[in-house]
Amino acid sequence: MSEIIQLGHKSSQPEITNTTDTTLNITGMHCAGCVSSVEKKLNQVAGVEKAAVNLATEKATVSFDAQKANREDLVKAVQSAGFAVKQDLVRAVIKIAGMTCQGCANNAQKFLSKTNGVVEANVTIANEQANVLYDSQVANEADLRQAIQNAGYQAIEQKSESSDSIWQEQADRLTEYRNLMLWAWGITGPMMMLMFIGMFTSLKIPFMHTIMLVGAIPVVFWIGRETHLSAIRIVRHGGTNMDVLISLGALAAFATGIAALFLPIANYAGIAAMIICFHVTGRYLEFKARGRTSDAIQKLMQLEAKSATILRGDKEIEVSIESIQTGDIVLVKPGEKIPADGQIVSGHSSVDESLATGESVAVEKSIGDEVIGATINIDGVLHVKVTRVGADSFLSQIIKLVEECQGSKVPIQAFADKVISIFVPAVIGFAVFTFIGWIIFADTFAAMAVWAGQWIPWINPQIGPVSLAIFAAVAVLVIACPCALGLATPTALMVASGMGAERGILIRNGEAIQAMQDVDTVVFDKTGTLTKGKPGVKEIVTSEKIVETELLQLAATAEANSEHPLAQAIVKEAAGKGIKPLQADHFKTHPGRGVFIKIGTDEIWVGNSRLLAENEVSTDGFSKQVGDFSKNGYSLVFVAKNKAVLGVIALADTVKDNAKAAILELKKVGLQPVILTGDNHNTAQTVADELGIDEVIAEVLPQDKAAKIKELQAAGKIVAMVGDGINDAPALTQAQVGIAIGTGTDIAIEASDVTLVGGDVSGVVRTFNLSRATFTKIKQNLFWAFIYNILMLPVAMLGLLHPALAEAAMALSSVNVVTNSLRLRKAKI
């Protein structure tokens, strides 16, 4: 189980101030003039109160107003002076306990952002995590945990706990919420029945006021205790959240029950119980629905093998998965999970890699091939040398990436965050304004109550202006819902990132989701992205003296022992057609040119035109075909027998099986595909013609690809770059969206915004489909969250909404946002 870390209890409330101190490690300073220049630039930044630079330690200590400046502003100031700030940026994901709504998350985020060394902090209630980017030379995780503690919450230490313990903890919390809900309804349900009897009939229930007051006590103060404690805790630390509104509303309503014993006002104690009852019910439903948004993570964490069989000499030793170390040789039998990332050292089998790639078709694996931990060995016995374990494993990296994405934010959320930051104080202000308005304009509102009371059974104009004012003010407090706004983006991101991971699409951050909506141009690297990166036979032309199968047999016989890619392509082509090589009597390799063999008395040359020219063999009979093939950028292998050319085999890098269909789909949705490659123009144009791509940018060195992306952007294009993530890293970074595509465990995840596992080009189409479906859900969520508050607040202020119904509507608005995000699973991507 998770261990709660208490990082120092302070007896007094921490002082909250806008002044923050930070330290910058500066490189490149050589003299006092450098110091003066840096200090001048730093002091010019708006919000900086004091900046002191020390040449000996190469550090700047800066005090600044966190509301007017941030650390990034200071870094830019140092850079503008001609120096650099040394940063060792590390990302940490920290689980937080004690948060109940997005207001809590915003409060924790505020404290983290003010921590010295923190570059970026995002906290979301949906996954109850903080995603923090910080300079490890200035801060450490202990500082981050202390900041969370100072905000009034608890940082949960996530050690090597199993997936079972993590999800058991969530199940326990869900059970706790369910039990509170059942107790709440067990007490409040009968009270509600009595209230309805009194509301809709003329029957007078004895001791009604006493029943309401006494019955409300356990609901408000026992079942609702966490709500009140949360409200007190966040107010003590200078923040506000949803619990503040619920607590104020419930306590105000309960107070009328006591006041009614002495004053002529209505008793709303029963309503206080109903508010808490609906609140805990909504929290249970919301938490249950939120749990479903992270189902994909749960499935990934449970995929890991539980044990492994290690080979030690002639012995097979079964050990727990935690005991495996890099370098161990593990035995994997048919039907078993491969326990860790590694390389096959013995055996051949088919491996189901669907957990990583989303593709159901098994992949053939043999000696030298890499395998991914938790994938399933289908039909052969494998010996695998372990290369990665624990946090370094491919599966762990996927889980980490999905969690980081779930903790990131989409730019469209920025406005909602600003609204949330002032939401609770504003609602309290509206409630006070409502109460005062009903008192000052009592006659006007009383007349409206008389009119509305004809159709709305809970409006009783006879109870007096003070009771009506309290009724309306309490409804205002509990109807407003910042939680729906806070959940709008993160719940959709949680579902989307999980869906992507299941399909081999790894999204690094939410910004990419929004950026992809504006992309109009998709630039592809050619080799290894659109093509397989390996040559294949494209065409075979023969003379009248021989048929194609015989020519291919001669070529395969000559190339059977060669490691050259062209030779292997010819051997593979022959094998695919069931052609077996002959027995050669003599074999001689001519490096860079080809091979000479003898079969009986026949002399066979297989190679390029240089080999034939050196041996006085003319290729004039195939000059037309050679010209056509050369225009297409094909590599040519001639086959000659006894000084006469029998034919020519044209080879080229072949396009991936589904590349053409993927390009067609992109064009259907209005995206313009472009090829960007270092190959010659003829070769690139051949591939472009085969795939239906109209624009080709060829003969570009890897280091110049980023400049070509800039040129497209300068022309007004919004660009997504698709490449291998290694050679194309600068171009991926330059593009508005970088998509890395590759296979195996060595995919450069860090280089891109999106990583496609498995090398499937159709993954690009699925990525765009997923991003558009996700962004649509985010916009829907934000729309309903905003429209709910815009429409319901005025209704509550006019006294037309029963506080209990208001609380129920508030709770359901959050549940609606979460369930709408879950509907994303049905999207066809």
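Q: What counts as a helix or a strand in this predicted model?
A: A helix is a DSSP run (H or I) of at least four residues, and a strand is a DSSP run (E) of at least two; both are numbered from the N terminus. The model itself is predicted. On this basis the chain has 28 helices and 31 strands.

Q: Where does lysine 643 lie with respect to these elements?
A: Lysine 643 is in the loop between β25 (635-641) and β26 (644-655).

Q: What makes the backbone of lysine 643 notable?
A: Lysine 643 is not a glycine, yet its phi is positive, at about 75 degrees. Most residues other than glycine have a negative phi.

Q: Why is lysine 643 called partly exposed?
A: Its relative accessible area is 44%. The class covers values between the bounds for buried, under 20%, and exposed, over 50%. Lysine 643, at 44%, therefore counts as partly exposed.

Q: Which value of phi does phenylalanine 207 have, and where is the residue found?
A: Phenylalanine 207 has a positive phi of about 55 degrees, although it is not a glycine. The residue is found in the loop between α5 (163-200) and α6 (208-223).

Q: Why does phenylalanine 207 count as exposed?
A: Its relative accessibility is 66%. Exposed requires over 50%, so phenylalanine 207, at 66%, falls in that class.

Q: What makes the contact between arginine 283 and aspartate 243 a salt bridge?
A: The side chains meet at 3.3 Å, N to O. The rule asks for a nitrogen of Lys or Arg within 4 Å of a carboxyl oxygen of Asp or Glu, so the pair qualifies. By this rule the count comes to 16 salt bridges.

Q: How do you know that this pair links distant parts of the chain?
A: Arginine 283 is in helix α9 (residues 269-293) and aspartate 243 is in helix α8 (residues 242-259), 40 residues apart. Both arginine 283 and aspartate 243 are buried.

Q: Why is the pair of lysine 365 and glutamate 353 called a salt bridge?
A: The closest N and O atoms are 3.2 Å apart, and the cut-off is within 4 Å, so the condition is met. Lysine 365 belongs to strand β15 (residues 363-365), while glutamate 353 lies in the loop between β14 (349-352) and α11 (354-357), 12 residues apart. Lysine 365 is buried, and glutamate 353 is buried as well.

Q: Which distance supports a salt bridge between lysine 577 and glutamate 548?
A: The side chains of lysine 577 and glutamate 548 meet at 3.0 Å, N to O. Lysine 577 is in the loop between α20 (565-576) and β22 (586-590), and glutamate 548 is in helix α19 (residues 548-559), 29 residues apart. Salt bridges that share partners join Glu548, Glu573 and Lys577 into one network.

Q: Why are lysine 577 and glutamate 548 placed in the partly exposed class?
A: Lysine 577 has a relative accessible area of 44%, and glutamate 548 has 35% relative accessibility. Buried means under 20% and exposed over 50%, so both values fall in between.

Q: Why can phenylalanine 435 be part of a nonpolar patch?
A: Phenylalanine 435 has 32% relative accessibility. Patch residues need over 30% and no salt bridge, so the area condition is met. The patch consists of Val432, Phe435, Ile436, Ile439, Ile440, Phe441 and Val466, with about 590 Å² of accessible area together. Its largest share, 5 residues, comes from helix α13 (residues 413-440), where phenylalanine 435 lies.

Q: How do you know that the span of helix α28 agrees with expectation?
A: At 1.5 Å a residue, the 20 residues of helix α28 (residues 803-822) should span 28 Å. The end C-alpha atoms are 29 Å apart, which agrees.

Q: Why is α28 described as largely enclosed by the rest of the structure?
A: Of its 20 residues, 15 are buried, so the description holds. For the chain, 52% of the 829 residues count as buried.

Q: What makes serine 821 buried, and which polar contacts does its side chain make?
A: Serine 821, in helix α28, has a relative accessible area of 0%. Buried means under 20%, so serine 821 belongs to that class. Its side chain makes a polar contact with the side chain of threonine 491 at 2.9 Å and reaches the backbone nitrogen of alanine 492 at 3.4 Å. The cut-off is within 3.5 Å, so both distances satisfy it.

Definitions and conventions
Residues are numbered from 1 along each chain as its sequence is written. This is a predicted model: local features need pLDDT of at least 70, side-chain atom pairs count only at pLDDT 80 or more; totals for chains, interfaces and linings use all residues. Side-chain values use heavy atoms; hydrogens and water are left out. Buried means under 20% relative accessible area, exposed over 50%, partly exposed in between (1.4 Å probe, protein chains only). Patches are made of residues with over 30% relative accessible area and no salt bridge: like charges are joined within 9 Å, nonpolar side chains (Val, Leu, Ile, Met, Phe, Trp, Tyr) within 5 Å. Accessible areas come from the Shrake-Rupley method with a 1.4 Å probe; for residues, only the protein chains shown count as cover. The expected span of a helix is 1.5 Å times one less than its number of residues. A polar contact is a pair of N or O atoms within 3.5 Å; within protein, one must be able to donate a hydrogen and the other to accept it, and residues adjacent in sequence count only if both atoms are side-chain atoms.
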